[in-house]
Amino acid sequence: QVQLVESGGGLVQAGGSLRLSCASSGIVVSITDMGWYRQTPGKSREMVAVVSSGRRTSYAASVKGRFTISRGSAENSVYLQMNSLNPEGTAIYCCNAAGTNKDWGKGTLVTVSS
C-alpha cells in the first residue's frame with residue numbers, strides 16, 4: 001500500500017525559501033522516477049520537478065534555476081528546495097511517482113506573500 005506524506009510547507013515572503021519533504025512508503029524512491037507537483041484552485045495539477053532513478057532531474061520552466069529536487073535513499077524520501085519564491089508559487093505541493101495518477105497524498109500548502 002502506497003502512502004506519501006508531504007511536509008515543510010508554510011507561509012513565506014516573496015524571495016524566501018522553503019524545503020519540502022515527502023516521506024514514501026510503498027514506493028522505493030531510489031528505483032522510481034519521482035516528481036513534485038502543485039495545484040491551485042481551478043487549475044490542473046502541474047509538474048514542478050522530476051528526479052529519475054538515475055538521478056537525472058528536470059524542471060518546469062517557471063521554476064528552473066530556483067528549485068532543486070533531490071532524494072534520500074536511506075530515508076526513502078524526496079525533497080524540494082525552493083528558493084526565490086514568488087506569489088505564483090502559492091499552491092498545494094504533492095509528490096508521487098512520475099506518470100501515475102493514483103495514491104496521492106494530502107500535500108503541503110505553500111503560501112507566498114508579496
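## Strand β3 and its partners

Let's start in the middle of some pairing: β3 and strand β8 (residues 77-82) run antiparallel and are joined by 6 bridges. Want a pair of residues to look for? Leu20 has Leu80 as its bridge partner in β8. Keep in mind as you look around that this is a predicted model.

Strand β3 also pairs with strand β1 (residues 3-7), again in the antiparallel sense, this time over 5 bridges. Here you can look for Ala23 in β3, which has Val5 standing opposite.

## Two faces of β3

Which side chains of β3 are buried? Walk along residues 18-25 and you'll see the side chains alternate. Leu18, Leu20, Cys22 and Ser24 point to one face and are buried. Arg19, Ser21, Ala23 and Ser25 point to the other face and are not buried. So the bridge partners picked out above split up too, because Leu20 belongs to the buried set, whereas Ala23 does not.

## The cysteines

Now for some chemistry. A disulfide is a covalent bond between the sulfur atoms of two cysteines. How many disulfides does the model have? The count comes to 1. That disulfide joins Cys22 to Cys95, with 1.6 Å from S to S. The link ties together distant parts of the chain, since Cys22 sits in strand β3 and Cys95 in strand β9 (residues 91-97), 73 residues apart. Both Cys22 and Cys95 are buried.

What about Cys94? This cysteine is in no disulfide, and the nearest cysteine sulfur, that of Cys95, is 7.6 Å away. Two sulfur atoms have to be within 2.5 Å to count as a disulfide, so Cys94 and Cys95 don't make one. Is Cys94 buried or exposed? Its relative accessibility is 8%, so Cys94 counts as buried.

## A sheet of six strands

Next, find the open sheet of 6 strands, which has mixed pairing. Reading across, the order is β2-β10-β9-β4-β5-β6. Which strands stand at the edges? They are β2 (10-13) and β6 (57-59). Each of them has a single partner strand, so one side of each is left without a neighbour in the sheet. On average, neighbouring strands of this sheet are turned by 25° against each other, ignoring direction.

Let's look at the β6 edge. Strand β5 (residues 46-51) and β6 run antiparallel, with 3 bridges joining them. One pair to find here is Val51 and its bridge partner in β6, Thr57.

## Two residues to visit

Back in strand β8, you'll find Ser77. Ser77 has a relative accessible area of 8%, so this serine is buried. A polar atom of the Ser77 side chain lies 3.1 Å from the backbone oxygen of Glu75. Setting aside neighbours within four places in sequence, Ser77 is in contact with Cys22, Ala23, Val29, Ser70, Arg71 and Gly72. Among these contacts is Cys22, the cysteine that is joined to Cys95.

Our other stop is Thr40, in the loop between β4 (34-39) and β5. With a relative accessible area of 22%, Thr40 is partly exposed. Buried would need a value under 20%. Apart from neighbours within four places in sequence, Thr40 is in contact with Thr90 and Ala91. And how far apart are the C-alpha atoms of Thr40 and Ser7? They are separated by 17 Å, with the two positions 33 residues apart along the chain when you count from one to the other.

Methods:
Residues are numbered from 1 along each chain as its sequence is written. This is a predicted model: local features need pLDDT of at least 70, side-chain atom pairs count only at pLDDT 80 or more; totals for chains, interfaces and linings use all residues. Side-chain values use heavy atoms; hydrogens and water are left out. Buried means under 20% relative accessible area, exposed over 50%, partly exposed in between (1.4 Å probe, protein chains only). Helices (H or I, at least four residues) and strands (E, at least two) are DSSP runs, numbered from the N terminus. Two strands pair if DSSP finds at least two bridges between them. Axes are lines fitted to C-alpha atoms, for helices over the stretch in contact, and angles run from 0 to 180 degrees between N-to-C directions. A polar contact is a pair of N or O atoms within 3.5 Å; within protein, one must be able to donate a hydrogen and the other to accept it, and residues adjacent in sequence count only if both atoms are side-chain atoms. Contact means heavy atoms within 4.5 Å.
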